[in-house]
Structures are given as structure tokens and as C-alpha cells.
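Me: Please take me through this structure by question and answer, with the reasoning laid out before each result.

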Amino acid sequence: MASKTLDDLFHETLKDIYYAERQIVKALPKMARGARDEKLKAAFEKHRDETEGQIERLKQVFEIIGKRAQGKTCPAIDGIIEEGEEILDEFKGNPALDAGLLAAAQAVEHYEISRYGTLRTWAQQLGLKEAVKLLEETLAEESKTDEALTSLAKSAVNMAAQKAA
């Protein structure tokens, strides 16, 4: 059996987040349609556009390492997205829906932040300077989105869910 290296781990993790981003870009329009709060809808729509750019950057990272852009099934992101869909079904028409959707979106963000932080660190270790720049750009976007969602939760969405109860 061939020895596995950090290069192999980097490639496998890259395939994982590529799959995840492609699933996320499909889930975000559903979340936007389900959201009641206009700012939350807009946040989901903005992140969908950002995610499309992130997918393009991932394709560039695949090119840098000389591999074809392809995903591999990521049970973690599938589970997080499934939880968001359950919230859409179980809380549809209820005041807590937006708080639940926002929480599901933050679970996605935290997963992405973890993956991009790891990939960036490994790219640094592997001397992939261009990949580091691309991954840092995406990591910054994901962190900014997470901060915006936290702000929206604290300023409006969670209060609206509580007041209506």
C-alpha cells in the first residue's frame, strides 16, 4: 500500500469542500425562499453569489496542484444541509423559522471556516503560495458572512422569534 502524504490529504480535503460548496450553492436559494426576514433573505442571496465565486477559486486551486476539479461526498455537509431542510419543514410559517435557518446557516459557515483554515495552513506547508492567497480570500469571506449572520441574529431575528412566542 502506497504511503499517504500531506499532498494527498490536501487533495482529498479540497475535494470535500468542493462538493460541500456545490451543495451549499443549491441549498441557499431554498433557504432564501423560506426566510421571512428580508435582511436574512438578502444575506442568503448574497452568500449564494459569493459561493459561486468560491467554487471558481477552488477550481483554480485544483489547477495549481494539477488535478481535475471534482468533489467527493461529504456526509458532514449533507447532514448540516439536511438539518436546515428539517427546520424549513418543521417551522414553516412559525416565528422561530428565521432563527432556525440562521442557526443552520452558521453551522455551514463554521464547517467552511474550519475546512478553509486547514487547507490554507496545509497549502502554506506545501509551498502553494497562489493556493494560499485563494484560500485566504475565501476564508475571509466565510468569516465575514459568519459575523454578519451573528449580527443579524442578535439585532433582529432572535428577538422576533422570541416576541412572537
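Me: E50 and K46 lie in helix α2; how many residues apart are they?
Reply: Helices here are DSSP runs of H or I with at least four residues, and strands are runs of E with at least two, numbered from the N terminus. Helix α2 covers residues 38-64, and within this helix E50 and K46 are separated by about one helical turn. An α-helix has 3.6 residues a turn, so residues three or four places apart point the same way. The separation of E50 and K46 along the chain is four residues.

Me: What distance separates the closest N and O atoms of E50 and K46?
Reply: This is a predicted model, in which local features need pLDDT of at least 70 and side-chain atom pairs count only at pLDDT 80 or more, whereas totals for chains, interfaces and linings use all residues. Residues are numbered from 1 along each chain as its sequence is written, and side-chain values use heavy atoms, with hydrogens and water left out. A salt bridge is defined as a side-chain nitrogen of Lys or Arg within 4 Å of a carboxyl oxygen of Asp or Glu. E50 and K46 form such a salt bridge, and their closest N and O atoms are apart by 3.9 Å.

Me: Is E50 buried or exposed?
Reply: Buried means under 20% relative accessible area, exposed means over 50%, and partly exposed lies in between, with a 1.4 Å probe and protein chains only. The relative accessible area of E50 is 17%, so E50 is classed as buried.

Me: Which residue forms a salt bridge with E137?
Reply: The pair links distant parts of the chain, with E137 in helix α5 (residues 129-163) and its partner in helix α2, 80 residues apart. E137 is partly exposed at a relative accessible area of 42%, whereas the partner is buried at 10%. The closest N and O atoms of the two are 3.2 Å apart, and the partner of E137 is R57.

Me: Which residues are joined with K72 into one network?
Reply: The side chains of K15 and E12 meet in a salt bridge of 3.0 Å, N to O. These residues are three apart in helix α1 (residues 6-34), and are therefore separated by about one helical turn. K15 counts as buried at 12% relative accessibility, while E12 counts as partly exposed at 28%. Salt bridges that share partners join K72 into one network with E12 and K15.

Me: How many salt bridges does a search of the whole structure find?
Reply: Side chains of opposite charge can pair when their charged atoms come close. The pair of E137 and R57 is one of those that form a salt bridge. For the whole structure, the number of salt bridges found by the search is eleven.

Me: How far apart are the C-alpha atoms of H47 and T145?
Reply: H47 lies in helix α2 and counts as buried, with a relative accessibility of 4%. H47 and T145 are 98 residues apart along the chain, and their C-alpha atoms are separated by 7.4 Å.

Me: What separates the C-alpha atoms of I81 and H47 in space?
Reply: I81 is found in helix α3, where I81 counts as buried at 14% relative accessibility. Along the chain I81 and H47 are 34 residues apart, and the separation of their C-alpha atoms is 15 Å.

Me: How far does helix α4 reach from its first C-alpha to its last?
Reply: Helix α4 spans residues 97-126 and has 30 residues. The expected span of a helix is 1.5 Å times one less than its number of residues, and for α4 this expectation is 44 Å. The reach of α4 is close to that expectation, at 43 Å.

Me: Which residue just after α4 takes a positive phi?
Reply: The phi in question is about 75 degrees, and the residue that takes this positive value just after α4 is G127.
The loop between α4 and α5 also holds L128, which counts as buried at 18% relative accessibility. To return to the residue asked for, the positive phi belongs to G127.
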